[in-house]
Amino acid sequence: VRRTLFGHFPGRAALLDARAEEAAEALQAAVTVGAGATEQADRALAHFTLALWPVGDRYRMLLALARRDLGVERGAGLLEPARVRAAAIVEQGQRDGVFHSQLPASVLSAGLEAMTVALLEEVNTGALEDDGTRVAITALIAAGVPEKRARAVVDDVAAAQDTPAG
């Protein structure tokens, strides 16, 4: 209820700022999932995308408001841990010949980020429903992985994430 909500927050800006802090913590936790593992770049990108998608999905309305209400600098700061990790994965993939190298790693990872944000916006409109697997496959294909390989990698990574560690 609006009255209760604003009993906890002095205004819209404070509410958005608190939500942004919560999102930043969730994003940081998702970015660190699998970050220390040594795996092929295509698997690392699939793992990364599948770990981040639920966070992006949960905070997709905040992402839509971030540019206008939080400012470009604050929004960029929230996404920085994901940007750094994505760029590292893309650089590794280009060095290993797993991803195409027509674009510099920083540009390709920025393009993958923009695509992912655009796909989250499509979830907002109801045009897309995804658990992250289709987005992960699409990210791998955009990075230069052949579709058949991208599907196999994502299926394998998703199955491994669903299997409890024992």
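The bend of a helix at a given residue is taken as the angle between two fitted axes, one for the seven residues ending there and one for the seven starting there. In the predicted model described here, helix α3 bends by about 30° at L52. A proline, P54, follows L52 within four residues. Helix α3 spans residues 41-58 and has 18 residues. From its first C-alpha to its last, α3 reaches 26 Å, close to the 26 Å expected at 1.5 Å a residue.

The protein as a whole contains eight helices and zero strands, and its elements run α-α-α-α-α-α-α-α from the N terminus on. Of its 166 residues, 36% count as buried. Among contacts with a separation of 6 or more, 70% are accounted for by residues 24 or more positions apart. Against this background, helix α3 is mostly covered, with 14 of its 18 residues buried.

The interior was examined next. The largest nonpolar core comprises 37 residues, of which L45, F48, L52, F99, L140 and V154 touch the most other members. At least two residues of this core are supplied by each of α2 (12-32), α3, α5 (72-95), α6 (105-125), α7 (133-143) and α8 (147-162). Helix α3 gives the most to the core, namely eight residues. The surroundings of L45 can be listed individually: apart from residues up to four places away in sequence, L45 touches I89, F99, L112, A139, L140 and A143. A second, separate core has five residues, including W53, L120, L128 and V135.

The packing of α3 against α7 was then considered. Two packed helices are described by the angle between their axes and the distance between the axes. The axes of α3 and α7 come within 9 Å and cross at roughly 145°, and the crossing is right-handed. On the α3 side, the contact is made by D42, L45, A46, T49, L50 and W53. The α7 side contributes T133, V135, A136, A139, L140 and A143. Two of these contact residues, L45 and L140, are also listed among the residues of the largest core that touch the most other members, while W53 and V135 belong to the second core.

The region preceding α3 includes E39, which is found in the loop between α2 and α3. E39 counts as buried because its relative accessibility is 19%, and the cut-off for burial is under 20%. Leaving out residues up to four places away in sequence, E39 touches A44, H47 and Q92. Q92 is found in helix α5 and has a relative accessible area of 21%, so this residue is classed as partly exposed. Beyond its neighbours within four places in sequence, Q92 is in contact with E39, Q40 and A41. The C-alpha atoms of Q92 and Q40 are 8.4 Å apart in space, although the two residues are 52 residues apart in sequence.

Helix α6 has 21 residues and reaches 30 Å from its first C-alpha to its last, close to the 30 Å expected at 1.5 Å a residue. Buried positions in α6 are A105, L108, S109, L112, V117, L120 and V123. Among these, L112 is one of the residues touched by L45, and L120 is a member of the second core. M115 also lies in α6; with a relative accessible area of 22%, M115 is partly exposed. Not counting residues up to four places away in sequence, M115 touches T138, A139 and A142. M115 and A139 are 24 residues apart along the chain, and their C-alpha atoms are separated by 8.1 Å. A139 is in addition one of the α7 residues in the contact with α3. After α6 comes G126, whose phi is positive, near 90°.

Towards the end of the chain, D156 lies in helix α8. D156 counts as partly exposed because its relative accessibility is 41%. Its C-alpha atom is separated by 8.7 Å from that of R43, which is 113 residues away along the chain.

Notes: Residues numbered from 1 in each chain as written. Predicted model: local features only at pLDDT ≥ 70, side-chain atom pairs only at ≥ 80, totals over all residues. Heavy atoms only, no water. Expected span 1.5 Å × (residues − 1). Buried < 20%, exposed > 50% of the residue type's maximum accessible area, 1.4 Å probe, protein only. Core = buried A, V, L, I, M, F, W, Y, C linked by side-chain atoms within 4.5 Å. Contact = heavy atoms within 4.5 Å. Axes fitted to C-alpha atoms, helices over the stretch in contact; angles between N-to-C directions. Left-handed = near helix turned anticlockwise from the far one by under 90°.
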